[in-house]
Number of protein chains: 2
Amino acid sequence: MNKPKKHVFVCSSSRINGQQRGFCEKKDSIRLIQNLMREVQEQDLSSEVIITNTGCLGICNQGPIVIIYPDAIWYGGVTPEDAAEIVNSHLLNDQIVSRLEI
Amino acid sequence: MNKPKKHVFVCSSSRINGQQRGFCEKKDSIRLIQNLMREVQEQDLSSEVIITNTGCLGICNQGPIVIIYPDAIWYGGVTPEDAAEIVNSHLLNDQIVSRLEI
């Protein structure tokens, strides 16, 4: 299969029983996911980047959480307004957004 | 933060609006996640492995999907009964389970 160059995971607090309960979703992570998807499309990265929502990552007090693999970079306290910087800096130019790294 | 040595993502078909709709969840991916979590605990890997459920990964016809990062190995058509082999082979011994790789 055609593997993505970067795979971005964003907590949407989706429990395995279907409940959507948790800190990240309350802190606007759905809008963050939507902004990341829009930025990826606008920067023409759709063929090499996948954005995937996840269940709880266990460090809710540091959420909303964004993880970028295979780099294994974790970002915390990410707001919808940070989406453009993450896409432009990390995904387009491989520059970690250090102010958000945890 | 204390990053995991391996991060296992399993599709649980969780949409960002909270709906749990999709192929993987219908094909028993929730039991697969539970089995992976139990095996990780039994093999005493809890401090170095995280299991995370995800939303749709876009290749439903090849599901249920398991991805292991930072290795970027994708497994498809994974059943709950495959959990022990994935944990023992890939997570414990770094041997890819090639029969499941996509």
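**Notes on A:S29, helix α3(B) and the two-chain arrangement**

1. Let's start with A:S29. Not counting neighbours within four places in sequence, A:S29 touches A:V10, A:C11, A:S12, A:C24 and A:P64. Bear in mind that this is a predicted model.

2. Where does A:S29 sit in chain A? The residue belongs to helix α2, which covers residues 29-42. A:S29 is buried, as its relative accessible area is 0%, against a cut-off of under 20% for that label.

3. One of those contacts deserves a closer look. A polar atom of the A:S29 side chain lies 2.8 Å from the backbone oxygen of A:C11. As for A:G77, its C-alpha is 9.8 Å from that of A:S29, with the two positions 48 residues apart in sequence terms.

4. Over to chain B and helix α3 (residues 83-93). Its buried residues are B:A83, B:I86, B:V87, B:S89, B:H90 and B:L91. What do they pack against in chain B? The partners are strands β1 (6-11), β2 (49-54), β3 (66-69) and β4 (73-75), plus helix α2 (29-42).

5. Just past the end of α3(B) comes B:D94, and its phi is positive, near 55°.

6. Finally, the two chains together. Chain B superposes on chain A by a rotation of 180° with 0.0 Å of shift along the axis, at an RMSD of 0.0 Å. That is how a two-fold axis relates two copies. Both copies use the same surface: 100% of the contact residues of chain B recur in chain A.

Notes: Residues are numbered from 1 along each chain as its sequence is written. Chains are lettered from A and ligands numbered from 1 in the order in which they are written. This is a predicted model: local features need pLDDT of at least 70, side-chain atom pairs count only at pLDDT 80 or more; totals for chains, interfaces and linings use all residues. Side-chain values use heavy atoms; hydrogens and water are left out. Copies are superposed by least squares on the C-alpha atoms of residues with pLDDT of at least 70 in both. Contact means heavy atoms within 4.5 Å. Helices (H or I, at least four residues) and strands (E, at least two) are DSSP runs, numbered from the N terminus. Buried means under 20% relative accessible area, exposed over 50%, partly exposed in between (1.4 Å probe, protein chains only). A polar contact is a pair of N or O atoms within 3.5 Å; within protein, one must be able to donate a hydrogen and the other to accept it, and residues adjacent in sequence count only if both atoms are side-chain atoms.
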